[in-house]
Amino acid sequence: MIYMDSAATTPMSDAALSAMEPYWQREFGNSHAVYSAGQHAAAAIMDARKRVAKCLGCTPRQIIFTSGGTESDNQALASLALRRLGSGKSDGGSENSGLHVRNKIITFQFEHAAVLRSVERLSQFGFDVEVLPVFSDGVVQVNELLPYLTDDVLCVSMMMVNNEVGTIQPVQEVARLCKERGILFHCDAVQAAGHIPIHINDWEIGTLAISAHKFHGPKGVGVLVHQPNDYVEPLIVGGGQERGFRSGTSNTPGAVGCAAALEEACAHMEENSQSLWEINDVLRAGILRIPDSRLTGTADHSKRVPGILHFCFKDIDAQTLLIYLDAHGICASAGSACMAGAVQKSNTLVAMGVPDVWARGALRLSFDASITLEEAHRVCDVVAQGVAAQRDRA
Ligand SMILES: *Cc1c(COP(=O)(O)O)cnc(C)c1O
C-alpha cells in the first residue's frame with residue numbers, strides 16, 4: 001500500500017506509541033488523585049504540557065488538552081458566544097468597550113468544516129458573520145482583507161495551512177493586524193503543527209488549534225492554545241480539569257503521545273521537509289505531464305507545505321479515479337476526508353473559483369517522509385493510467 005492521505009490522518013510514530021504505553025496499564029492512575037500513582041500521571045501530563053508548549057512557542061499554562069482539532073476550533077469560537085452570554089458584554093476587549101459593540105466574525109470559505117460550522121452557529125446566535133472568498137492561488141491576500149478589519153470586528157479566524165491544497169497563509173501579518181485593532185484572532189493550525197515552525201507568543205496569536213493524529217500522534221487528542229486573560233470559556237464543565245477549561249478525567253496516554261509525536265516532528269522538521277520537497281518535485285512533475293492537468297494553488301514553494309499537493313484533471317470523475325488508485329494499492333483523496341461519503345463540492349475549490357469541469361476531477365496527494373522516490377514515480381504512473389482509462393472510455 002502506498003499511503004498518500006497524510007492530511008486525513010497519519011499512523012502513530014514508534015516514539016509516540018512507546019511513550020504512551022506505560023499509561024494504559026502500569027501508570028493508569030487518575031491525575032487528580034492524591035496518591036502517588038495519580039501523581040505520576042499528573043507529572044506525565046505536566047511534562048507533556050511543557051514539551052508541547054516548547055514546540056509551539058508558548059507557556060505550559062496556555063495549553064488546554066482537548067479531544068482534537070475539531071473540539072479546539074469549536075471551543076475557541078463558541079467561547080465568543082459563551083462569554084457574551086456570561087457577561088452581557090460583546091466587545092473583544094477594545095478601548096472602545098461599551099461604545100462600540102463588536103459583533104462581526106470574519107473567516108474564509110476554505111476553512112475546515114470545524115470552523116465553518118462553528119461560525120455558522122455563531123450567526124444563528126446573532127453574530128454578524130462574514131465568510132470571505134480566497135484568491136485562486138489559495139492564499140489570503142492581506143491587502144484585500146484589510147478593509148474588512150473595521151472596528152466592529154470581534155474575531156478573525158484564519159487557518160495556517162489549508163488542508164486541501166497545502167497553501168500557507170500569512171498568519172503572522174494577520175495576527176499582528178488583528179492585535180493592533182483589538183480583534184481576537186483564532187488560528188486553525190492543524191495542518192501546520194509539526195510541519196512548519198509555529199511561534200504563538202512571538203506572533204501574538206490569540207487562540208490556536210492543533211490535532212495529534214495529523215503529526216503521527218494518537219487520534220482523539222488535540223490542543224487549544226490560548227492567551228492568559230483571554231476570552232476562552234469551557235465547552236465541557238465538570239471536575240475542573242485543565243484548570244477549568246476542559247473538564248473530564250485527563251487523557252494521560254493521549255497527552256503523552258501528543259507531546260512525543262510533536263517533539264519528534266519538530267526535531268526532524270528540517271530534514272523531513274527536505275525529503276518531502278524531493279518527493280513533491282517528482283510528483284508534481286510527473287502528474288503535470290498528464291494532459292489537461294493543473295496544480296491547485298500557488299506554485300511558489302515558500303507559500304506551500306511540501307507534504308500536500310492538489311491537482312485537478314479536466315473532465316475526470318474524482319471518485320472513479322480514487323477507486324482506480326485504490327485498486328492499484330494507492331490511498332488518496334479528492335480533498336477533505338471530512339466530507340467522506342458524500343460527493344460534495346469542495347468548499348476550498350469553490351473559494352478559489354476553480355471551474356466545475358476541473359473541480360470534479362480533484363486529487364489530493366498528501367504524504368510523509370516515509371514515501372520513497374520509487375513510490376512517488378509509481379503514483380505518477382498509476383494516476384496517469386487512471387486518468388487515461390477514464391478518458392478512453394468517454
Ligand atoms: C483534520 C483537521 C481538523 C480536525 O481535527 P480532528 O482532530 O480530526 O478533529 C481541523 N482542521 C484542519 C485544518 C484539519 O486538517
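**View 1. Thr-70 meets the ligand.** In this predicted model, a polar atom in the side chain of Thr-70 sits 2.6 Å from one of the ligand's oxygen atoms. Take a moment to find this pair, then look around it. How many residues are around the ligand? There are 13 residues around the ligand, and Thr-70 is among the five that come nearest. The others of that group are Asp-188, Gln-191, Ser-211 and Lys-214.

**View 2. Asp-188 and His-213 at the ligand.** Which kind of ligand atom lies 2.7 Å from a side-chain N or O atom of Asp-188? For Asp-188, the ligand's partner is a nitrogen atom. His-213 is paired with an oxygen atom of the ligand instead: an N or O atom of the His-213 side chain is 2.8 Å from that oxygen.

**View 3. Two domains side by side.** The protein chain is split into two domains, and domain 1 is built from two stretches, 2-9 and 269-393. Domain 2 covers 14-266. Their C-alpha centres are 28 Å apart. The contact draws 26 residues from domain 1 and 31 residues from domain 2.

**View 4. Where the domains touch.** Together, domain 1 and domain 2 bury about 2,300 Å² between them, and 54% of this area is on carbon and sulfur atoms. What links do we find across the boundary? Between the two domains there are 17 residue pairs in polar contact, with both residues at pLDDT 80 or more, but zero salt bridges. On the domain 1 side, strand S10 (308-313) and helix H10 (347-351) are the elements that give two or more residues. H10 gives the most, with five residues. The domain 1 residues that touch domain 2 comprise eleven nonpolar, eleven polar and four charged ones.

**View 5. A salt bridge between Arg-364 and Asp-5.** Eleven salt bridges are counted in the model, and here is one of them: Arg-364 pairs with Asp-5, with their closest N and O atoms 3.1 Å apart. Where along the chain do Arg-364 and Asp-5 lie? Arg-364 belongs to strand S12 (residues 362-366), while Asp-5 is in the loop between strand S1 (2-3) and helix H1 (14-20). The salt bridge therefore links distant parts of the chain, 359 residues apart.

Notes. Residues are numbered from 1 along each chain as its sequence is written. This is a predicted model: local features need pLDDT of at least 70, side-chain atom pairs count only at pLDDT 80 or more; totals for chains, interfaces and linings use all residues. Side-chain values use heavy atoms; hydrogens and water are left out. Domain bounds come from an automatic or database domain assignment. Contact means heavy atoms within 4.5 Å. Buried area is the accessible area (1.4 Å probe) that two parts lose on being put together, summed over both. A salt bridge is a side-chain nitrogen of Lys or Arg within 4 Å of a carboxyl oxygen of Asp or Glu. A polar contact is a pair of N or O atoms within 3.5 Å; within protein, one must be able to donate a hydrogen and the other to accept it, and residues adjacent in sequence count only if both atoms are side-chain atoms. Helices (H or I, at least four residues) and strands (E, at least two) are DSSP runs, numbered from the N terminus. Ala, Val, Leu, Ile, Met, Phe, Trp, Tyr, Cys and Pro count as nonpolar, Asp, Glu, Lys and Arg as charged, and the others, Gly among them, as polar. A residue is near a molecule or strand if one of its heavy atoms lies within 4 Å of it.
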